[in-house]
Amino acid sequence: MKHVSLVLSAIFASGSVLAAPSSAVLVETNGSVLVNQGKQFVSAKPGQLLTVGDRVMVMDGGNASVRFADGCMLPLAAGSLVTVS
């Protein structure tokens, strides 16, 4: 499986990082999409909250979308590995 690593920028407001419980939401998953929130990769679910350091891995044949607090959407293709930072 081809891995593509992406590092996502932190969300800033007025020059300081937002103090929100989540940085992003996994809004769509198709196929095998996994999330690691500290210990191991587990199956991801639409609506799952993501915070700084979480990793999202999209397996072959899958895809997903992440929506950030500012409304920006990030589509994730098969073979992607993304770390929320």
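**Stop 1: the nonpolar core.** In this predicted model, start by selecting Leu26, Val33, Leu50, Val56, Val66 and Leu76. These residues have the most contacts inside the largest nonpolar core, which has 15 residues. Now colour the strands that feed this core: S4 (24-30), S5 (33-36), S8 (55-58), S9, S10 and S11 (80-84) each supply at least two of its residues. Which strand gives the largest share of the core? That is S9, with three residues. As background, nonpolar side chains in soluble globular proteins tend to be buried together.

**Stop 2: the whole chain.** Zoom out and switch to a cartoon view. How many helices and strands are there? The protein chain has zero helices and eleven strands, so if you follow the cartoon from the N terminus, you meet β elements from start to finish. Of the 85 residues in the chain, 35% are buried. Now try a surface view: the chain exposes about 5000 Å², and carbon and sulfur atoms supply 56% of that area. Contacts also reach along the sequence: among those between residues at least 6 apart, 55% join residues at least 24 apart.

**Stop 3: a four-stranded sheet.** Select S7, S4, S9 and S10, in that order. They form an open sheet with antiparallel pairing. Look for the edges next: S7 (48-50) and S10 each pair on one side only. Rotate the view and compare neighbouring strands, which are turned by 30° against each other on average, ignoring direction.

**Stop 4: where S4 meets S9.** Keep S4 and S9 and hide the rest. These two strands run antiparallel and are joined by six bridges. To see one facing pair, click on Ala24, which stands opposite Phe68 in S9.

**Stop 5: the S9-S10 hairpin.** Next, show S9 (63-68) with S10. Four bridges join this antiparallel pair, and one residue pairing to pick out is Arg67 with its bridge partner Met73 in S10. Follow the backbone from one strand to the other: four residues lie between them in this hairpin. Stop at Gly71 in the turn, where phi is positive, at about 95°.

**Stop 6: the two faces of S10.** Finish with residues 73-76, which make up S10. Which residues lie on its covered face, and which on its uncovered one? Leu74 and Leu76 are on the covered face, while Met73 and Pro75 are on the uncovered face. You have met two of these before: Leu76 is among the residues with the most contacts inside the core, and Met73 is the bridge partner of Arg67.

Methods:
Residues are numbered from 1 along each chain as its sequence is written. This is a predicted model: local features need pLDDT of at least 70, side-chain atom pairs count only at pLDDT 80 or more; totals for chains, interfaces and linings use all residues. Side-chain values use heavy atoms; hydrogens and water are left out. Buried means under 20% relative accessible area, exposed over 50%, partly exposed in between (1.4 Å probe, protein chains only). Two strands pair if DSSP finds at least two bridges between them. A nonpolar core is a set of buried Ala, Val, Leu, Ile, Met, Phe, Trp, Tyr and Cys residues joined through side-chain atoms within 4.5 Å. Axes are lines fitted to C-alpha atoms, for helices over the stretch in contact, and angles run from 0 to 180 degrees between N-to-C directions. Contact means heavy atoms within 4.5 Å. Accessible areas come from the Shrake-Rupley method with a 1.4 Å probe; for residues, only the protein chains shown count as cover.
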